[in-house]
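Here is a short report on aromatic contacts and helix packing. Keep the structure open while you read.

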Amino acid sequence: MTRTGLGWWLLILPAVLLLLVFYVAPIAQVLAISFSEPEPGLGNYERLLTSESMQRVILTTLRICLITTFFALLLGYAVAYAITLASPRARSWWMMAVLVPLWISVLVRAFAWVTLLRRQGLVNETLLRWGFISEPLALVWNEFGILIGMIHYMVPFAVLPMLSAMREIDPRLLAAARGLGATRAQVFRQVFLPLSIPGVIASGVLVFIFSLGFYITPAILGGGKTLMVAEWISLQILDLIRWGLGTMMATMLIVAILVTLAVFSRVVDLRRMFGAGG
């Protein structure tokens, strides 16, 4: 190894050591516990095939994550499209509206939704006052409440990758299509939308992966009635002291994230999702 190469390795050595100590080692310990407690073997992983309650938690998590991803992409695409076509001054206000929610604690946002959606909350009281309903709706402490909170949280994360992809679309292509007689709808459907698909895929991967590990929002807005994987892991480890089952599910969550990244990395350049240049 040359002196220059050795110098580069010495430069990144502290970061590598920190990564090994604070990230790789704990994950390896989690993996080891999942195979060793309460007894060595694959017993914890066999529960994935035999436990209906565990399968229900996994299916519930997948369903909520997929619905969250769909609606976050739908709303995020509309916002990103509006920002792309906005004037520079309006674009700055749009960006502020997208970024400011990211600075607010997820805990604060979850409790704000509880205040709005509970039976005596603003939403139900308004609907009752206007005569749209005769009794309060169950809008929180169920799966619907979880979806509202998660979609609200994930929309900014959907906007940013799509906005990055849309900003790279050459406006001259849209002008050329218009000059050739295409309507605005045709320009969007046949030119803009296909060119923005990589950003949509990147946003979908990001939102779906983030959604898999949600804990605070489902715990508060679900009221313990709708368990997702992260809350189920916390229940097993902290309340039931079943470390083997909890670490097994944590391992499967990590595997699911890695598999998702591996699959979608063949469809879209994931480096651009994290800010690498094209």
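The sections below cover ring pairs, one helix crossing and one helix in detail. The model is predicted.

## Aromatic pairs

The structure holds 10 aromatic pairs. One of them joins Tyr 153 and Phe 214. Their ring centres are 5.3 Å apart, and the planes meet at 80°. The arrangement is edge-to-face, because planes over 60 degrees apart count as such.

This pair links distant parts of the chain, with the two positions 61 residues apart in numbering. Tyr 153 sits in helix α7 (residues 143-167). Phe 214 lies in the loop between α9 (184-212) and α10 (216-222). Phe 214 has a relative accessible area of 9%, so it is buried.

Ring pairs also build a cluster from Tyr 77, Tyr 81, Phe 188 and Phe 192.

## Where α5 meets α7

Helix α5 (residues 106-117) packs against α7 at an angle of about 135°. The axes are 10 Å apart. That angle makes α5 oblique to α7. The crossing is right-handed.

Which residues make the contact? From α5 come Val 106, Arg 109, Trp 113 and Leu 117. From α7 come Ile 148, Gly 149, His 152 and Tyr 153. Tyr 153 is also the ring partner of Phe 214.

## Helix α12

Helix α12 covers residues 243-264, 22 residues in total. At 1.5 Å a residue, α12 should span 32 Å. Its end C-alpha atoms are 32 Å apart, so the two values agree.

Buried residues in α12 include Gly 244, Leu 245, Gly 246, Thr 247 and Met 248. Leu 253 and Thr 260 are also buried.

How values were computed: Residues numbered from 1 in each chain as written. Predicted model: local features only at pLDDT ≥ 70, side-chain atom pairs only at ≥ 80, totals over all residues. Heavy atoms only, no water. Phe/Tyr/Trp six-rings, centres within 6.5 Å; stacked < 30°, edge-to-face > 60°. Helix = DSSP H or I, 4+ residues; strand = E, 2+ residues; numbered from the N terminus. Buried < 20%, exposed > 50% of the residue type's maximum accessible area, 1.4 Å probe, protein only. Expected span 1.5 Å × (residues − 1). Axes fitted to C-alpha atoms, helices over the stretch in contact; angles between N-to-C directions. Parallel < 35°, antiparallel > 145°, perpendicular 65-115°, else oblique. Left-handed = near helix turned anticlockwise from the far one by under 90°. Contact = heavy atoms within 4.5 Å.
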